[in-house]
Amino acid sequence: QQVVFIDDFHYIDRETQREIAQSLKEALFRGVPLCVALVPHRSEDIERANSDLRGRVTHIDMDYWETSELELIAERGFNKMNIDTSDGLREILALESAGSPHLMQKLCVEVCRVNNINSTFEQTKHVDLDYDSLVDVFRRTADNTRHGDTFDILDTGPKTRGKKRNTYDFIGGNDGDVYRCLIRAIAADPPKLTFKYNELKSRTEQQCVSNEAPRGRQIMETCEQMDGLLREKWSNERYLDWDQTREILAITDPYLLFYIRWSERLNMEVGKEYQKKLS
């Protein structure tokens, strides 16, 4: 029996979602097997599009990998090469991978490159990194993620029409507008892919050295603008998603988060607590 599969349902505009959901309801009544794919934070979109589907939908959670699962990639891979590493290093690599097993593999490869390891050791060798070497691993990996254009779009924002944007003073001596402030909030520790509005507001305030920080409405409008700009530039790709109804901002590509944190474009310090984990 064939199954009707609808991919990326969450990318479809709300009105079209409602039309599709109505058709799905009719198909279900006729016994047609259906499968609809959505990102985790929008898993209820199909039921929101048609409330009659509630109770008729079974959710199969295929979320990002857990930190412990990502650590196994490093543990098993390094063991195959007779390399012994610290628990702290493996945990750090897993945290920065943000649920992506592919990014975790790339970081492990870069650890080997930084240490000039090209083959399996005959006997077990302990390999660890100091903080500067760890940052070097992250910088090299970020340089290969090719998210520079995406960053520029988020950082520049839409064209201004006469009125100049407010500028905010950031911790560390830099300044910038609301778009730069929001990107810094995304980049701040700890690394996360999904931000509720209250957390995003708190993070933006923490980036500013005084009480002058973007206000709530301004933050939401900026999230909406960022989402729209990326949709306009790449209609078939999604790197960032703003859910206006739930007030949730999601980075849908872990590589984009990694680039924002480690590409040096923001000139801000992140991951300083990793020094303790490496000691």
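Reader: Where is Pro 190 found in this model?

Author: In this predicted model, Pro 190 sits in the loop between helix 8 (178-187) and strand 7 (194-196). A cis peptide bond joins Asp 189 to Pro 190, with omega at about -5°. Most peptide bonds are trans.

Reader: Happy to move on to the helices. Why are helix 5 and helix 11 called oblique to each other?

Author: The axes of helix 5 (residues 101-114) and helix 11 (residues 254-262) cross at roughly 45°. Angles under 35 degrees count as roughly parallel, and 65 to 115 as roughly perpendicular. The crossing angle fits neither class, so helix 5 and helix 11 are oblique. Their axes come within 9 Å.

Reader: Which residues make that contact of helix 5 and helix 11?

Author: Helix 5 brings His 102, Leu 103, Lys 106 and Leu 107, while helix 11 brings Pro 254, Tyr 255 and Phe 258. By kind, the residues of this contact are five nonpolar, one polar and one charged.

Reader: What makes Asn 116 exposed?

Author: Good one to check against the cut-off. Exposed means over 50% relative accessible area, and Asn 116 has 64%, so Asn 116 is exposed. Asn 116 lies in the loop between helix 5 and strand 4 (125-126). Its phi is near 55°, a positive value in a residue other than glycine.

Reader: And how do you know whether Arg 146 is buried or exposed?

Author: By the same kind of check: the relative accessibility of Arg 146 is 72%, and the cut-off for exposed is over 50%, so Arg 146 counts as exposed. Arg 146 is in the loop between helix 6 (131-143) and helix 7 (148-156). Arg 146 is not a glycine, yet has a positive phi of about 55°. Most residues other than glycine have a negative phi.

Reader: Let us turn to the cysteines. How many disulfides does the structure hold?

Author: Zero. Take Cys 108, for which the nearest cysteine sulfur is that of Cys 112, 7.5 Å away. A disulfide needs the two sulfur atoms within 2.5 Å, and Cys 108 is in no disulfide.

Reader: Why is Cys 223 without a bond to Cys 181?

Author: The closest cysteine sulfur to that of Cys 223 is in Cys 181, 11 Å away, so the two are too far apart for a bond.

Reader: Are Cys 108 and Cys 223 buried or exposed?

Author: Buried means under 20% relative accessible area. Cys 108 has 9%, so Cys 108 is buried. Cys 223 has 0%, so Cys 223 counts as buried too.

Note on methods
Residues numbered from 1 in each chain as written. Predicted model: local features only at pLDDT ≥ 70, side-chain atom pairs only at ≥ 80, totals over all residues. Heavy atoms only, no water. Axes fitted to C-alpha atoms, helices over the stretch in contact; angles between N-to-C directions. Helix = DSSP H or I, 4+ residues; strand = E, 2+ residues; numbered from the N terminus. Parallel < 35°, antiparallel > 145°, perpendicular 65-115°, else oblique. Contact = heavy atoms within 4.5 Å. Nonpolar A, V, L, I, M, F, W, Y, C, P; charged D, E, K, R; others polar. Buried < 20%, exposed > 50% of the residue type's maximum accessible area, 1.4 Å probe, protein only.
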